[in-house]
Each structure stands twice: as structure tokens, then as C-alpha cells.
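Here is a short report on one protein model. It starts with charged pairs and then moves on to strands, helices and confidence.

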Amino acid sequence: MSFIDGIGSALSGAAAATNRFNVSANNVANIQSRGVAPEETARPQQNNAQPEEERGFQPLRAIDQSQEGGGVQSTTRPISPASIPVLQENAPEEQAGTQQTGETGQEGLSFLPNVDPANEVVQQITSQRQFEANLRTVQTGLQLNQSLLDINS
């Protein structure tokens, strides 16, 4: 592994950490959004399908995969199940003037995204530490390169 490969691996790790943090932040930002109802996940998405805001929020999870030549690639996959049913205790008429979360379906059920706030905090802290460690690797590599240049001159 050359010096440049090490910096490339560290930079790909920092990019993966950034993706993981962004995915988690998006999940947290949409925690009170309307979730995807089970019947919505059963039908395939088409070009003329409902826009995402009408379908409900689909939470995602970032998956890091190591690459053959070194480095990391981060991809996103949907969380399954996409939503959890929540029993609405108050009728929609009684909630007038308040922000209503989810969309009430049959039998007073509403669906909220399947997002665990505690897990998202862990994901954000982990991705922050991953980012910091990869940037320290880049800094160390650059310092090593500078030292080598100083010795050769």
C-alpha cells in the first residue's frame, strides 16, 4: 500500500462517515413525518406514482462496505419495516389546531417512520468519530510526506 493509497482510503472513510451522518440526520428530521403504510410498500413504485411527501417517509440506513483496492464505499438501503402503527387516541376533530403526525387509517391507526432516536444518536456519534479518525489519518500522512521531503532536501 502506497502513501497515496492510505490517504485515498482515509478520504473514502471520511466520505462514508459524512453519508452515514447525513442519512441519520435525515431520519431524525423526519421522525414525526407520516410513515409509509404497509399497503404503500406492497405496491411497486412507478413513474406516475405518488410523490414521496404523499407516500410517507421511508427511513434509510447507511451501509459501509470495504473496497477490494482499499477504502470504503457507503450505500443506503431502506429500513424494513418502513413504519410502525400507532393508535390514535383522539379523533382528528379533537386535534384541530395542533400538528397531527402520521395519517389516520382504519381503526384509528396512524403510521410513523420506523426511526429509533437512540440508535440515530449512536449512528451520529459513531460517524463523527469515524470522520475525525479518518481526517487524523490524512493529517498524519501529510505530516509524514512533509518530513520525507524535508529529509530529501
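A salt bridge here is a side-chain nitrogen of Lys or Arg within 4 Å of a carboxyl oxygen of Asp or Glu. Arginine 20 and aspartate 64 form such a pair, and their closest N and O atoms are 2.6 Å apart. This pair links distant parts of the chain: arginine 20 sits in helix H1 (residues 3–29) and aspartate 64 in strand S1, 44 residues apart. The model is predicted.

**Overall layout**

The protein has four helices and four strands. Read from the N terminus, the elements run α-α-α-β-β-β-β-α. Of the 153 residues in the protein, 30% are buried. The accessible surface comes to about 10,100 Å², and carbon and sulfur atoms account for 52% of that area. Take the contacts between residues at least 6 apart in sequence: 61% of them join residues at least 24 apart.

**Salt bridges**

Side chains of opposite charge can pair when their charged atoms come close. How many salt bridges does a search of the whole structure find? It finds three. The table lists them.

| Basic residue | Acidic residue | Closest N to O distance |
|---|---|---|
| Arginine 20 | Aspartate 64 | 2.6 Å |
| Arginine 61 | Glutamate 120 | 2.9 Å |
| Arginine 129 | Glutamate 132 | 3.6 Å |

Return to the pair of arginine 20 and aspartate 64. Is arginine 20 buried or exposed? Arginine 20 is buried, because its relative accessible area is 14% and the cut-off for buried is under 20%. Aspartate 64 has 27% relative accessibility, so it counts as partly exposed.

The side chains of glutamate 120 and arginine 61 also meet in a salt bridge. Glutamate 120 lies in helix H4 (residues 117–152) and arginine 61 in strand S1. These two residues are 59 residues apart, and the pair links distant parts of the chain. Both glutamate 120 and arginine 61 are buried.

The pair of glutamate 132 and arginine 129 lies within helix H4. The two are three residues apart, about one turn of the helix. Glutamate 132 counts as partly exposed because its relative accessibility is 27%. Arginine 129 is at 47%, so it also counts as partly exposed.

**The S1–S2 hairpin**

Strand S1 (residues 60–66) and strand S2 (residues 72–78) run antiparallel. How many bridges join S1 to S2? Seven bridges do. Arginine 61, already met in a salt bridge with glutamate 120, has arginine 77 as its bridge partner in S2. Isoleucine 63 stands opposite threonine 75 in S2.

S1 and S2 form a hairpin, with five residues between them. In the turn, glycine 70 has a positive phi of about 105 degrees.

Past S2 comes a loop that leads to strand S3 (83–87), and proline 81 lies in this loop. Which residue does a cis peptide bond join to proline 81? Serine 80 is the partner, with omega about 0 degrees.

**Helix H3**

Helix H3 covers residues 52–55 and includes arginine 55. Arginine 55 has 15% relative accessibility, so it counts as buried. Its C-alpha atom is 7.9 Å from that of glycine 35, and the two residues are 20 apart along the chain.

**Helix H4, inside and outside**

Two residues of H4 show opposite settings. Serine 127 is found in helix H4. Serine 127 counts as buried because its relative accessibility is 1%. Which residues does serine 127 touch, not counting those up to four places away in sequence? They are Ala17, Arg20 and Phe21. Arg20 is the residue that pairs with aspartate 64.

Isoleucine 151 also lies in helix H4. Isoleucine 151 is exposed because its relative accessible area is 65%, and the cut-off for exposed is over 50%. Together with Leu144 and Leu148, Ile151 forms a nonpolar patch on the surface. The three residues have about 310 Å² of accessible area together.

**Confidence**

How far does the predictor's confidence reach? The mean pLDDT of the protein is 82. A pLDDT of 70 or more is reached by 77% of the residues. Over residues 94–101, pLDDT stays under 50. For these residues the model has nine contacts beyond four places in sequence.

Methods: Residues are numbered from 1 along each chain as its sequence is written. This is a predicted model: local features need pLDDT of at least 70, side-chain atom pairs count only at pLDDT 80 or more; totals for chains, interfaces and linings use all residues. Side-chain values use heavy atoms; hydrogens and water are left out. Two strands pair if DSSP finds at least two bridges between them. Buried means under 20% relative accessible area, exposed over 50%, partly exposed in between (1.4 Å probe, protein chains only). pLDDT is the predictor's confidence in each residue, from 0 to 100. Contact means heavy atoms within 4.5 Å. Patches are made of residues with over 30% relative accessible area and no salt bridge: like charges are joined within 9 Å, nonpolar side chains (Val, Leu, Ile, Met, Phe, Trp, Tyr) within 5 Å. Accessible areas come from the Shrake-Rupley method with a 1.4 Å probe; for residues, only the protein chains shown count as cover.
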